[in-house]
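This report looks at the overall build of a single chain and at how its interior is put together. The sequence and the structure come first, and the discussion follows.

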Amino acid sequence: MKLVHEVLPSEAGRTVLSVLGDLFPTVRSADLRELCLLKSVSCDEHFCGAGQSLVAGQRLELESEAPLPTIRPAKLKGFELLHLEEDLLACSKPAGVAIEGDREASGEELPLRAAVLHALRQAGRDPLPRPRFVHRLDKDTSGVLLVALNHATMQSLSAQLAGETESRIEKSYLALVHGRLAEAEGRVEVPLLVHSGKRKAPVRADEEGKVARTRFERIEVLGRFSWVRLYPETGRTHQLRVHMAHIGHPIVCDRHYGSSDPLLLSKLKRGYVPSRREERPLLARLALHAERLRFAGPQGPLEIEAPLPKDLRVTLKQLQKLS
């Protein structure tokens with residue numbers, strides 16, 4: 001296949017990868033970057049890298065002997081479209097699904113991106129815009145996720161996220177943590193340092209780390225657990241998980257900073273009578289849910305909330321019965 005594209009004035013200053021991404025919305029960035037490495041992409045008849053900035057009027061060409069692998073739009077269990085406008089989409093990400101696969105993943109192994117494309121197609125978006133994930137949620141965290149549908153919106157929301165504008169993206173999470181949280185509310189201000197390449201506890205509290213602040217509110221004490229609302233005031237990797245563990249209340253089923261043991265009714269209920277079948281856990285994933293986002297959207301202020309998923313609703317109901 002061959003593509004010839006004249007760089008538009010609105011695309012000036014953007015990278016080759018960014019512009020190609022809009023031209024091929026269902027192709028992974030990794031595959032487009034690979035084409036640049038293979039010298040299949042040129043700018044004004046000179047091979048160019050994925051990160052090269054473009055100038056209006058330049059001639060961008062892509063030539064590939066094989067068809068480009070594409071991500072097929074597909075449904076995803078637990079995925080929910082929460083908000084859609086011209087330049088922005090918000091969805092509820094199910095637990096157990098990574099926002100992006102690893103570098104070796106194929107399009108079929110990117111179920112979340114496929115689900116976003118499916119939602120856009122169902123909404124009649126033609127041609128499909130390229131989804132750009134504005135922020136990240138851990139694989140086992142459920143909840144609200146913002147997706148920019150063009151470069152300008154991505155830049156605007158990223159600036160809000162980084163605190164570079166007057167408006168900021170405000171986040172709140174819900175979490176089930178170990179222990180009876182004594183304080184009704186409080187703040188954790190502990191710097192965090194990332195261990196590069198470390199699989200167990202890849203982030204730790206360390207004075208040499210980056211500033212990190214989390215505010216918390218106790219909603220309910222449930223036996224030997226607490227149901228809390230968390231407000232990250234900074235956006236460090238694993239911030240909520242490390243901060244709650246640091247104050248002695250790790251999030252339930254946190255394999256990195258607490259215990260990966262699933263929550264079993266047999267361990268909580270006195271006189272529990274096992275059935276002949278193997279017991280199914282009440283909860284076997286990180287008990288963290290991205291509840292709400294407040295921010296300045298392209299068309300005005302927005303507040304988007306993701307309903308609590310079934311596994312957390314059932315867990316709370318059982319703990320309330322036992323308390």
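Which residues of the largest nonpolar core touch the most other members?

## The largest core

In this predicted model, the largest nonpolar core holds 52 residues, and those touching the most other members are Leu176, Leu230, Ile251, Val252, Leu263 and Leu288. Helix α3, which covers residues 111–122, contributes the largest share of this core, with seven residues.

Leu288 can be followed further: once its neighbours within four places in sequence are set aside, Leu288 is in contact with Leu230 and Ile251, with Leu174, Ala175 and Leu240, and also with Asp140, Thr141, Ser142 and Tyr173.

## A second core

Separate from this core there is a second one, made up of 19 residues, among them Leu3, Val16, Leu35 and Cys36. As general background, nonpolar side chains in soluble globular proteins tend to be buried together.

## The chain as a whole

The chain contains six helices and 16 strands, and its C-alpha trace spans about 75 × 45 × 40 Å along the principal axes. Of the 323 residues in the chain, 46% are buried. Among contacts with a separation of 6 or more, 64% are between residues 24 or more positions apart.

## Surface and charge

The area exposed by the chain is about 17,400 Å², of which carbon and sulfur atoms supply 47%. Charged side chains comprise 48 positive and 42 negative ones, and the centres of these two sets lie 9 Å apart.

Methods
Residues are numbered from 1 along each chain as its sequence is written. This is a predicted model: local features need pLDDT of at least 70, side-chain atom pairs count only at pLDDT 80 or more; totals for chains, interfaces and linings use all residues. Side-chain values use heavy atoms; hydrogens and water are left out. A nonpolar core is a set of buried Ala, Val, Leu, Ile, Met, Phe, Trp, Tyr and Cys residues joined through side-chain atoms within 4.5 Å. Buried means under 20% relative accessible area, exposed over 50%, partly exposed in between (1.4 Å probe, protein chains only). Helices (H or I, at least four residues) and strands (E, at least two) are DSSP runs, numbered from the N terminus. Contact means heavy atoms within 4.5 Å. Accessible areas come from the Shrake-Rupley method with a 1.4 Å probe; for residues, only the protein chains shown count as cover. Lys and Arg count as positive and Asp and Glu as negative; His and the chain ends are not counted. The place of a charge is taken as NZ of Lys, CZ of Arg, CG of Asp or CD of Glu.
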